[in-house]
Amino acid sequence: MGSLDKDNQDICPICLDPLKEAVSTDCRHLFCHMCLTQHMDKASVSGILSCPVCRKPCSEGVLGDNYICHTHQKRVRRFCEASGHLLCEECLQSPEHQSHTELSIENAISHYKERLNRRSRKLRKDLGNLQQLKAQEKKMLQALQVDCECHRLRTDLQNQDQSKEQLKALPWHWLDQEDLPEEVAKIFSFSEAVTQLSILVSGLERMAKDLDASTLKDASDLLDRSAPQKLEGLLSRVSPAGPKLS
């Protein structure tokens with residue numbers, strides 16, 4: 001495999017696609033992070049790590065600090081879902097992880113990316129439902145404000161002993177002003193719920209797009225914060241019959 005020329009600096013020489021999470025070897029050749037990781041996995045069997053382009057020796061440290069176990073100074077290979085830690089081969093031998101489920105880094109990234117995308121799609125649908133309910137509440141509030149204004153005008157006319165013909169020209173249904181604050185509070189509750197869900201959806205989508213080994217624990221925490229049972233309180237404050245999260 002020949003060395004990279006100037007025109008191919010944005011192409012990974014392993015997959016021949018545009019670079020993703022580009023990393024540079026000690027000899028300054030660029031690769032997709034995942035491509036170089038998989039290459040090193042295969043090369044580690046023979047114990048000889050070298051650049052896929054020029055075959056010069058390279059260290060696992062080129063993958064970045066986030067991929068090196070700080071305890072044993074070895075490359076991490078697994079993600080422990082129970083502890084949220086990245087583990088090297090020595091970590092995997094410790095008793096505390098014997099009963100835990102560990103995923104390979106590649107499988108963990110794929111697994112959590114799918115979960116993040118699935119959760120964001122569901123919450124975006126719930127967000128659309130909330131926005132529709134909020135719009136309906138605004139229309140109801142506007143109608144109540146009109147009714148209250150009619151009631152005020154009717155009272156003025158009655159106080160002024162106006163004719164029955166004038167009274168009949170106004171809508172006869174009305175609502176006390178005391179009922180308005182409750183409706184206004186409901187609008188604010190909808191706005192708060194819409195804002196919080198919007199932040200969650202944006203966070204989930206951004207996390208799925210940028211997910212790598214260093215953010216797997218953050219992804220796990222975000223999925224926990226956006227779990228249906230964690231959001232039930234948010235929806236119940238808005239409406240008992242609001243959209244059910246799943």
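Here are some worked exercises on the predicted model shown above.

**Exercise 1. Work out the strand order of the open sheet, and find which strands sit at its edges.**

Step 1. Let's start with the order: the three strands run S4-S3-S5, and their pairing is antiparallel.

Step 2. Now look for strands that pair on one side only. Those are S4 (86-87) and S5 (102-104), so they are the edge strands by the pairing rule of at least two bridges.

Step 3. Zoom in on one pairing. Strand S3 (residues 78-80) meets S5 over three bridges in the antiparallel sense, and Cys 80 stands opposite Glu 102 there.

**Exercise 2. Describe the surroundings of Glu 102: is it buried or exposed, and what is the nearest side chain of opposite charge?**

Step 1. Place the residue first: Glu 102 belongs to strand S5.

Step 2. Check burial and charge pairing. Glu 102 is buried and has no salt bridge. Its nearest side chain of opposite charge is Arg 78, 6.5 Å away. A salt bridge needs the nitrogen and oxygen within 4 Å.

Step 3. List who touches Glu 102. Beyond its neighbours within four places in sequence, the contacts are Arg 78, Phe 79, Cys 80, Leu 87, Leu 92 and His 97. Arg 78 is thus on the contact list, even though Glu 102 has no salt bridge.

**Exercise 3. Find what the buried residues of H1 pack against, and which elements help line the largest pocket.**

Step 1. Pick out the buried positions of helix H1 (residues 33-43): His 33, Cys 35, Leu 36, Thr 37, His 39, Met 40 and Ala 43.

Step 2. Follow their contacts. They pack against strand S1 (23-24) and strand S2 (30-31).

Step 3. Turn to the largest pocket, with about 310 Å³ of space. Its lining has 14 residues, and Lys 20, Glu 21, Cys 32, Met 34 and Lys 113 lie nearest the centre.

Step 4. Sort the lining by element. H1, helix H3 (105-159) and helix H5 (180-210) each give at least two residues, with H1 supplying the largest share, three residues.

**Exercise 4. Explain why Tyr 67 counts as buried, and say which residues it touches.**

Step 1. Tyr 67 is in the loop between H1 and S3.

Step 2. Its relative accessibility is 7%, and the cut-off for buried is under 20%, so Tyr 67 counts as buried.

Step 3. Leaving out residues up to four places away in sequence, Tyr 67 touches Glu 21, His 33, Lys 74, Arg 75, Val 76, Ile 105, Asp 212 and Ala 213.

Step 4. For one C-alpha distance, take Leu 86: 19 residues along the chain from Tyr 67, with 8.0 Å between the C-alpha atoms.

**Exercise 5. How many salt bridges does the whole structure have, and where do the partners of some of them lie?**

Step 1. The search of the whole structure turns up seven salt bridges.

Step 2. Take Glu 89 and Arg 77, whose closest N and O atoms are 3.6 Å apart. Glu 89 is in helix H2 (residues 89-92) and Arg 77 in the loop between H1 and S3, so this pair ties together parts twelve residues apart in sequence.

Step 3. Now try pairs within a helix. Asp 126 meets Lys 122 at 2.7 Å, N to O; both lie in helix H3, four residues apart, about one turn. Lys 217 and Asp 221 meet at 3.3 Å, and both lie in helix H6 (residues 216-225), again four residues apart.

Step 4. Check accessibility. Asp 126 is buried at 2%, whereas Lys 217 is partly exposed at 36% and Asp 221 partly exposed at 32%.

Step 5. Finish with a network: salt bridges link Glu 114, Arg 118 and Arg 121.

Terms used: Residues are numbered from 1 along each chain as its sequence is written. This is a predicted model: local features need pLDDT of at least 70, side-chain atom pairs count only at pLDDT 80 or more; totals for chains, interfaces and linings use all residues. Side-chain values use heavy atoms; hydrogens and water are left out. Buried means under 20% relative accessible area, exposed over 50%, partly exposed in between (1.4 Å probe, protein chains only). Contact means heavy atoms within 4.5 Å. Lys and Arg count as positive and Asp and Glu as negative; His and the chain ends are not counted. On a 1 Å grid over the protein atoms alone, a cavity is a set of points where a 1.4 Å probe fits but cannot get out, and a pocket is an open set with protein on both sides within 12 Å along at least five of seven lines; lining residues have an atom within 4 Å of a point. Grid points are joined across faces, edges and corners, and a volume is the space filled by probe spheres set on the points.
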